[in-house]
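This report takes one strand and its neighbours as a starting point and then widens to the sheet, the helices and the nonpolar cores. Please keep the sequence and the structure in view while reading.

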Amino acid sequence: MKIIICKNYDEMSQTAAEIVAKQINSNPHTVLGLATGSTPVGMYKNLVKMNKEGKVDFSNVVTFNLDEYVGLDKDHPCSYHRFMDENLFNHINIKRENIHLPNGTAPSLEEECKTYEKMIAHAGGIDLQVLGIGHNGHIGFNEPGTPFHSLTHVVELAQRTIEANSRFFNSPDEVPRKAISMGIKTIMQARKILLLASGKDKAEIISKALHGPITTDVPASVLQLHPNVTVILDEDAASALDR
Ligand code: PGA
């Protein structure tokens with residue numbers, strides 16, 4: 001695992017964007033795995049800027065997002081479809097047909113999960129997967145206890161996740177209780193992984209994930225088994241690591 005410690009959130013975001021841009025510049029047909037949440041917002045801002053400046057071209061890039069809430073329509077203001085449009089896709093030269101997120105309103109969620117896996121395989125697999133980390137160690141919506149062999153599946157959100165994500169909704173009651181998420185195995189099959197974390201509140205879980213036992217109790221600890229992971233932290237998120 002390569003760990004890069006940056007001064008602050010802005011430097012973390014810039015560093016992450018440069019890694020993603022380098023990947024796309026070396027393979028314009030890159031298949032990117034993308035994440036939502038507050039953490040990657042700064043990285044997306046930098047990528048939008050680099051795209052406008054002609055430093056990175058998304059015209060042949062294919063994307064797959066980690067997850068989507070069950071029951072929220074694409075156009076729902078809190079859907080991850082909307083989040084991605086607003087933070088990235090509406091501002092770059094990506095082709096709409098190259099963008100993929102699970103459909104949280106599919107008539108059969110089970111079928112949707114299988115189809116999503118097939119689409120990833122059909123695209124040739126994910127070259128670079130961007131990840132954030134939950135306070136409980138989740139990656140995607142793979143909450144503690146999720147088996148490491150899981151593929152894209154329907155998940156019940158942990159209470160802690162519902163509370164954390166309620167900041168995007170009017171009240172915790174409005175947060176969907178379920179989501180479709182890539183599984184741990186889906187994530188681990190990506191050729192490269194980029195894990196981002198910032199802030200003191202992530203310090204403890206980062207220390208457990210990177211240096212603690214590999215256990216389904218801390219889903220992100222599985223990343224210790226992946227051959228090509230880069231972790232980008234700000235100083236606060238790195239503050240509980242032994243250095
Ligand atoms: P955050 O979410 O970036 O909003 O902290 C991360 C996650 O839950 O995976």
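In this predicted model, Val31 stands opposite Val62 in strand E3, and in E3 the bridge partner of Gly33 is Phe64. These pairs belong to the link between strand E2 and strand E3 (residues 62–65), which run parallel and are joined by 4 bridges. Both faces of E2 are covered, since Val31 and Gly33 on one side are buried, as are Leu32 and Leu34 on the other. In general, the side chains of a regular strand alternate between the two faces of the sheet.

The wider setting is an open sheet of 7 strands with parallel pairing, in the order E1-E10-E9-E6-E2-E3-E5. Strand E1 (2–6) and strand E5 (99–100) stand at the edges and have a single partner strand each, so one side of each is left without a neighbour in the sheet. Helix H1 lies across E1, E2, E6, E9 and strand E10 (229–234), and runs at about 155° to E10.

The largest nonpolar core has 42 residues, and among those with the most contacts inside it are Val20, Met43 and Phe89. The elements that give two or more residues to this core are listed below.

| Element | Residues |
|---|---|
| Helix H1 | 9–26 |
| Strand E2 | 31–34 |
| Helix H2 | 41–52 |
| Helix H3 | 80–87 |
| Strand E6 | 128–131 |
| Strand E9 | 192–197 |

Leu47 is also one of the residues with the most contacts inside the largest core, and, leaving aside residues up to four places away in sequence, Leu47 touches Ala17, Val20, Ala21, Val56, Phe58 and Leu88. A second, separate core of 32 residues includes Val31, Phe64, Ile120 and Ile126.

How do two of the helices that contribute to the largest core, H2 and H3, pack against each other? Their axes are 10 Å apart and meet at an angle of about 45°, and H2 and H3 are therefore oblique to each other. On the H2 side the contact is made by Val41, Tyr44 and Val48, and on the H3 side by Phe83, Met84 and Asn87. The residues of this contact divide into 5 nonpolar and 1 polar, with no charged residue.

Definitions and conventions: Residues numbered from 1 in each chain as written. Predicted model: local features only at pLDDT ≥ 70, side-chain atom pairs only at ≥ 80, totals over all residues. Heavy atoms only, no water. Core = buried A, V, L, I, M, F, W, Y, C linked by side-chain atoms within 4.5 Å. Buried < 20%, exposed > 50% of the residue type's maximum accessible area, 1.4 Å probe, protein only. Contact = heavy atoms within 4.5 Å. Axes fitted to C-alpha atoms, helices over the stretch in contact; angles between N-to-C directions. Parallel < 35°, antiparallel > 145°, perpendicular 65-115°, else oblique. Nonpolar A, V, L, I, M, F, W, Y, C, P; charged D, E, K, R; others polar. Pairing = 2+ DSSP bridges.
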